[in-house]
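I opened the model today to look up a few loop residues, a pair of helices and the nonpolar cores. My notes follow in the order in which I went through them.

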Amino acid sequence: MNSELSSQQVKDIGEQGLLERLQRFCPPEIIGDDAAVLETASGQSLVVTTDVMVDGVHFSNLTTSPEDAGWRAAAANLSDLAAMGASPLGITIGLGLPGELRVSWVERLYQGMTECLQKYNTPIVGGDVVRSPVTTLAITAFGQVNLSHIIRRSAAVAGDAIVVTGVHGASHAGLELLLHPELGQNLNNEEKTALIRAHQRPQPRLDVLPILWKILASQCPMPIAGMDSSDGLADAIIQICRASGVGAILEHRQIPVPKTFNYWLTPEQALEYALYGGEDFELVLCLPQELASALVQHLGQGAAIAGRITAGSTVILHDEQKKFPDQVLNLSQGFQHFSQ
């Protein structure tokens, strides 16, 4: 990209000029009409989710390149589809942009989104562009799911094991390293890079679904409870319990965290990152014990049974070694919009 093109601002080429630039990221046979038409297979349900990202709230040029911001935005929406058991069909994108924003920044944003979406064969099928004082990105993702495979928050029952599909706290640790480079003195460059990449390039766990369906294939159809942990592990478990009218016991020592946490975080910090850090985009699933064990074995390193669903309504963090007192978890401890 030459310097003249890279310095162009959105107001220089206008809405139509920008849309012309961005259409090359979309399948030509879909773009052009007033709405996208997506075919779904018979016996499937359409799943739709929307996520909004705002400059200064969800991403910042201090920690996130345009490509990484695009990847993270796409990953967040694909993760929401995975949390419902759905396979992605396509996404639409709404952009609110200042006129002074460079066109190259927007193209780099789309490049990052495309890199993430291509991994899961998901096209950009439409969108809209408006003027805005703050850069805003709103994505609507469409997916399809077999009726017997829908994952809902409200399906947990007492006795279910709580499966987490990977480590928690890595994304928040990566953000802290970006904001405070002096941290993590006991980590080598490779270890720091892995944590930073967990923040900048999170992986939606769509790969878990085929494994889950294979394990469940020999079982009678059963409701599956779960969601993703984009707002933190504690948030996910509490939300599932509230929707299902149950409680839970989360075992402190069974929460999977990166091994590198032992080198530079106190046990209290590691627990805080894992429970409330957010943006790990793992799945939290509630399954009968035997099926949960089979899923963890298939997923391998990082996956774990972190606790169990109980009768009642309280979510308790328990430490078998008694180094930490039992505590009741609640949503106010995690990130909340408009709390400040």
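I began with Glu279, which I found in the loop between helix 10 (267–276) and strand 9 (283–287), where helices (H or I, at least four residues) and strands (E, at least two) are DSSP runs numbered from the N terminus. Its phi is near 60°, a positive value in a residue other than glycine. At 24% relative accessibility I entered Glu279 as partly exposed; buried means under 20% relative accessible area, exposed over 50%, and partly exposed in between, with a 1.4 Å probe and protein chains only.

Before going further I noted that this is a predicted model, in which local features need pLDDT of at least 70 and side-chain atom pairs count only at pLDDT 80 or more, while totals for chains, interfaces and linings use all residues. Residues are numbered from 1 along each chain as its sequence is written, and side-chain values use heavy atoms, with hydrogens and water left out.

I then checked pLDDT, the predictor's confidence in each residue, from 0 to 100. The protein chain averages 91, and 94% of the residues score at least 70. Over residues 335–340 pLDDT stays under 50, and there the model has three contacts beyond four places in sequence, a contact being heavy atoms within 4.5 Å. Where pLDDT is low, the predicted coordinates should not be read in detail.

Another loop residue with positive phi, about 50°, is Asn121, which is not a glycine. I located Asn121 between helix 4 (103–119) and strand 3 (124–131), and with a relative accessible area of 68% it is exposed.

Thr260, in the loop between strand 8 (247–251) and helix 9 (261–264), is buried, at 12% relative accessible area. Leaving aside neighbours within four places in sequence, I found Thr260 in contact with Leu187, Glu191 and Leu195.

Leu195 also appears in the next entry, among the helix 6 residues that meet helix 5. The axes of helix 5 (residues 170–179) and helix 6 (residues 189–200) come within 7 Å and cross at roughly 110°, the axes being lines fitted to C-alpha atoms over the stretch in contact, with angles from 0 to 180 degrees between N-to-C directions.

Last, I looked up the largest nonpolar core, which has 60 residues; such a core is a set of buried Ala, Val, Leu, Ile, Met, Phe, Trp, Tyr and Cys residues joined through side-chain atoms within 4.5 Å. Helix 3 (residues 66–83) gives the largest share of this core, nine residues.
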